[in-house]
Amino acid sequence: MLKFCRGARQKRKFFKESANLLLLEFDHLAASSAGFASNNQEGFVFTQLSVTRGVPSTSTDLKEALCEKIPLHHDLLRKFRQQHGLDVVSQITVNDIYRGLDGVTALIRETSEIDSQCGIKYRGLSIPELYQLLPRRGKSPSPEAVFWLLLTGDVPTHEQTEALTADWTERRERRKDWWWSGSSGEIGGVVGGVLRALPKNVAPVGRLAIALTALDADKHYRKAVESGAMSYTYWEHIYEDSMELLASLPAIVALVSACESRPTPLALEKADWVDFFIDCLHNTTDGFTEAQRQSLADFLRLYIAVNADDDGGIPGAHVAQIMGSCQFDASRALAAGVLAYANEPTSGTLFQYMDFLVQLQNAVGREPKNDILRNFVSTLIDKRFQIAGHKIAQFEDTRYTVLRDFVKNHVPNDPEIKLSQELSNIYKKQIKEARNRSVVAEQNAIAAPLFQFYGLRDMNYNQLLLCMARALGIVASMIWTTALNAPVERPRAKCTHSYFSDFRNDHHGRRGNTSRHQKNTGK
């Protein structure tokens, strides 16, 4: 199992210069990102990727490619902490504590981060940029390509993407016992048996969380610990466990959609993550033409690509990160994250937005005239009603932008989607005029009617597709956390009375500069 890392260490001398270059380029990252948007020439883009993220690996084996990256990142961290270990990143006020540290920079997530203008960035790439750069299957980026980017920081080639697809196909075949009943030739297996035993009133997120905890998805790690493996090799065993989990996850998510199993013809040798998921779904694509099925696959790949990771501070990602650091078990970490993702995003889940849209149609009709819709929205604003799927922000959600472009090219005339877009445009304009607030539509304002269009009408179940997408980022982040031997978060907690006593006994030095990003100058 260590053969990949031995080969990677032989390359370390060649790649070490990249770590030095990375450190020098920290202050240049923003300018490089701006270069992506302003220049569409492929050569320029890949030059910038090499500058900001190191030399891309040429290996078609993901584990070997990762082994090339880990020593470089250790060098980068060592030099960064030597130079800036005592510098202040954020200062926390009492208000920050009671606001849940909202907006305070205090965590590390190597796979992605939030940019105030561009939204979520995967390894330095915005959503529109990765849509243009990543290898595609059909008309949308491949989920396997997204995961390769999240784990290594490299934009994979077509050959690397296909190699990962083949690897996952082989792994899901090895773990068929999780999701396949060989004796009857049906989708089911261990997960199917667990789900059939659950009461009918268990919500989809609860069913998925229970199914994930029923898996023996840490067997490689457990065997390594029992055999006395060194702690610095733990990530290799967690990698093996996590790849088996990700390879089989589409079948596990599909099983949650129904209590009973059914005979299903599976073309595993041809299936990427989304094709495999669609094959496992119960009766959803029955009657679809090949063109309709391909269109659904393109939408699901795009939805997974734009939702593959999120800010490490939101509850789902944060809980999964802590659980992964404590348990070293990707299935349990993902199960914890799934429960937290049940109510994400806070601006309105898929169910909440679709529920509002149905109520709107009941009130004004499926295709209302523009003045009727304007009057309805105006009434809601007067009553200070917050429309789900929208939030106060200066810049448009890039996930919404990419999905809106997909609609223009593939679903231009669906009445529900058109109504949703008209609603968003009117709401944004009127709330700006009435309250001088800048409101933008989030992705669920267009994703919910898109799911409806493709026949996926159970929005509570569709929330699991968000969880399935986020699993890519959760697993990639967990592998990196283990590889870097990052400690489990252990902040100190106090009660309000103790804080109050501290301030009462010390009237000086506590107030003054409350800047969150003040550099330490007392060196």
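Here is a short back-and-forth on how some labels in this predicted model were arrived at.

User: Let's start with burial. Why is D310 called buried?

Analyst: Buried means under 20% relative accessible area. D310 comes in at 10%, so it counts as buried. It's a loop residue, sitting between helix 16 (290-306) and helix 17 (315-327). Leaving out residues up to four places away in sequence, D310 touches R109, S112, I114, I120, R399 and R470.

User: And T233, what makes that one buried?

Analyst: Its relative accessible area is 6%, and the cut-off is under 20%, so T233 is buried. This residue is in a loop too, the one between helix 13 (219-226) and helix 14 (234-255).

User: What does the side chain of T233 reach, and how do you know that it's a polar contact?

Analyst: The side chain reaches the backbone oxygen of M230 at 2.7 Å. A polar contact needs N or O atoms within 3.5 Å, a donor on one side and an acceptor on the other, so the T233 pair at 2.7 Å fits. For the backbone picture, the C-alpha atoms of T233 and Y221 are 9.7 Å apart, with the two residues twelve places apart along the chain.

User: Why is C326 called partly exposed, and is C467 buried or exposed?

Analyst: Partly exposed is the range between under 20% and over 50%. C326 has 45% relative accessibility, so it gets that label. C467 has 2%, so it counts as buried. As for disulfides, the structure holds zero.

User: What makes helix 23 largely enclosed?

Analyst: Nine of the ten residues in helix 23 (residues 444-453) are buried, so the rest of the structure largely encloses it. The buried set is N444, A445, I446, A447, A448, P449, L450, F451 and Q452. After the helix comes G455, with a positive phi near 90 degrees.

User: Which residues have the most contacts inside the largest nonpolar core?

Analyst: That core has 131 residues, and the ones with the most contacts inside it are F147, F277, F299, L300 and F451. Helix 24 (residues 459-483) gives the largest share, 17 residues.

User: Why do you say the core lies between domain 1 and domain 2?

Analyst: Domain 1 (136-345 + 459-484) and domain 2 (350-454) both give residues to it, so it lies between them.

User: What does F451 touch?

Analyst: Not counting residues up to four places away in sequence, F451 touches F299, L300, Y303, L350, L456, M459, N462 and L465.

User: Over to the sheet. How do you know that strand 1 and strand 2 pair?

Analyst: Pairing takes at least two bridges. Four bridges join strand 1 to strand 2, so they pair, and they run antiparallel. One of the bridge pairs is D115 with G119 in strand 2. The two strands make a hairpin, with three residues between them.

User: What about strand 2 and strand 3, how many bridges join them?

Analyst: Two, and the threshold is at least two, so strand 2 (residues 119-122) and strand 3 pair as well. This pairing is antiparallel too. Here K121 stands opposite S126 in strand 3.

User: Why are strand 1 and strand 3 called edge strands?

Analyst: The three strands form an open sheet in the order 1-2-3, with antiparallel pairing. Strand 1 (112-115) and strand 3 (125-126) each pair on one side only, and that's what makes them the edges.

Definitions and conventions:
Residues are numbered from 1 along each chain as its sequence is written. This is a predicted model: local features need pLDDT of at least 70, side-chain atom pairs count only at pLDDT 80 or more; totals for chains, interfaces and linings use all residues. Side-chain values use heavy atoms; hydrogens and water are left out. A disulfide is a pair of cysteine sulfur atoms within 2.5 Å. Buried means under 20% relative accessible area, exposed over 50%, partly exposed in between (1.4 Å probe, protein chains only). A nonpolar core is a set of buried Ala, Val, Leu, Ile, Met, Phe, Trp, Tyr and Cys residues joined through side-chain atoms within 4.5 Å. Domain bounds come from an automatic or database domain assignment. Contact means heavy atoms within 4.5 Å.
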